[in-house]
Amino acid sequence: MMRNRNLRENKLVTVINPKSPISEAYRTLRTNIQFSNIDKELKTIMVTSSGPAEGKTTTASNLAVVMSQDHKRVLLVDCDLRRPTVHHAFAVPNRIGVTNVLIGSTALDLAVQSGPIDNLQILPSGPIPPNPAELLSSKRMGNLLDELQDQYDLVLLDAPPVLAVTDAQILASKVDGVLLVVKSGHTDRGMALKAKAMLDNVHANIMGIVLNNRKANRGHYYYYYRK
Ligand SMILES: Nc1ncnc2c1ncn2[C@@H]1O[C@H](COP(=O)(O)OP(=O)(O)O)[C@@H](O)[C@H]1O
Ligand SMILES: [Mg+2]
């Protein structure tokens, strides 16, 4: 359920138009992830892609919404400490967030925000730090993820692209599963394969590929398959 606050600012399709085929495709993605959870519970899932502007934040945000509609306590964490945008998607402030918690200046419960969606809490990036990779590889980051896993049913991490900086590789080695977004008609095949190889290098558990922006033959904009 959506509270009135921030209703107008919110541009997420799963919020604005929950009955649309695109929203349905996000629910299909949710189902696929739930099925891949059968053998081993995946509580921390990171969303990344090879390059910028391929739909990482869009995917992570809409997935967070449909997961929270399935009566799960969900936390969406903005781990793109270079170009954070999760706070825009949910129209929450970004004065404090992950970076403050990591340097120990803010308690976790003060940094987490409720946002406009029931069951979905947001941990924005906080101020952009000079040393994102160092922060993400710190022991504190590992401890933070442990703490979050205890508090939530599902922790979704929005991440930077794999190819530009090491951040996504660092995070991938700390989470239970990774979703790799590929933008149809945009992502270069070679770049996508390189991103996958770099994630394999750090023994990431690539759960599957999310094909964003697929031209709708039968109304499905988003498509997911297991590797
Ligand atoms: N399937 C799509 N159809 C239309 N616009 C999209 C789609 N996916 C992403 N966008 C838009 O493209 C831009 C980049 O998407 P975003 O999710 O922020 O990418 P990333 O996080 O990978 O940089 C945003 O303005 C977003 O609204
Ligand atoms: Mg993004």
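This short presentation describes helices, salt bridges and a charged surface patch in a predicted model.

Good morning. The model is a predicted one, in which local features need pLDDT of at least 70, side-chain atom pairs count only at pLDDT 80 or more, and totals for chains, interfaces and linings use all residues. Residues are numbered from 1 along each chain as its sequence is written, chains are lettered from A and ligands numbered from 1 in the order in which they are written, and side-chain values use heavy atoms, with hydrogens and water left out.

Let me begin with the helices. Helices (H or I, at least four residues) and strands (E, at least two) are DSSP runs, numbered from the N terminus. Helix α2 covers residues 21–35. The expected span of a helix is 1.5 Å times one less than its number of residues. For the 15 residues of α2 this gives 21 Å, and the end C-alpha atoms are indeed 21 Å apart. Helix α3, residues 56–68, agrees as well: its 13 residues should span 18 Å, and its end C-alpha atoms are 18 Å apart.

How much of α3 is covered? Twelve of its 13 residues are buried, where buried means under 20% relative accessible area, exposed over 50%, and partly exposed in between (1.4 Å probe, protein chains only). Among the buried residues of α3 are Lys56, Leu63, Val66 and Met67. In α2, the buried residues include Ala25, Tyr26, Leu29 and Ile33.

I turn now to the salt bridges. A salt bridge is a side-chain nitrogen of Lys or Arg within 4 Å of a carboxyl oxygen of Asp or Glu. The whole structure holds five of them, and I shall discuss some of these.

Within α2, the side chains of Arg27 and Glu24 meet at 2.8 Å, N to O. The two residues are three apart, about one turn of the helix. An α-helix has 3.6 residues a turn, so residues three or four places apart point the same way. Arg27 counts as buried because its relative accessibility is 19%, whereas Glu24, at 37%, counts as partly exposed.

A comparable arrangement occurs in helix α10, residues 189–201, where Asp200 and Lys196 are four residues apart, about one helical turn. Their salt bridge has an N to O distance of 2.7 Å. Asp200 is partly exposed at 31%, and Lys196 is partly exposed at 28%.

Which parts of the chain does the pair of Lys40 and Asp176 tie together? These side chains form a salt bridge of 3.9 Å, N to O. Lys40 lies in the loop between α2 and β1, and Asp176 in the loop between α9 and β5, so the pair ties together parts that are 136 residues apart in sequence. Lys40 is partly exposed, at 47%, while Asp176 is buried, at 17%.

Finally, the surface. Patches are made of residues with over 30% relative accessible area and no salt bridge: like charges are joined within 9 Å, nonpolar side chains (Val, Leu, Ile, Met, Phe, Trp, Tyr) within 5 Å. Asp109, Asp146, Glu147 and Asp150 form a negative patch. Helix α8, residues 139–151, supplies its largest share, three residues. Asp146 is placed in α8 and is partly exposed, at 45% relative accessibility.

One last residue is Ser114, in the loop between α6 and β3. Ser114 is partly exposed, with a relative accessible area of 39%. From Phe90 it is separated by 24 residues in sequence and by 9.8 Å in space, C-alpha to C-alpha. Thank you.

Terms used
Accessible areas come from the Shrake-Rupley method with a 1.4 Å probe; for residues, only the protein chains shown count as cover. Lys and Arg count as positive and Asp and Glu as negative; His and the chain ends are not counted. The place of a charge is taken as NZ of Lys, CZ of Arg, CG of Asp or CD of Glu.
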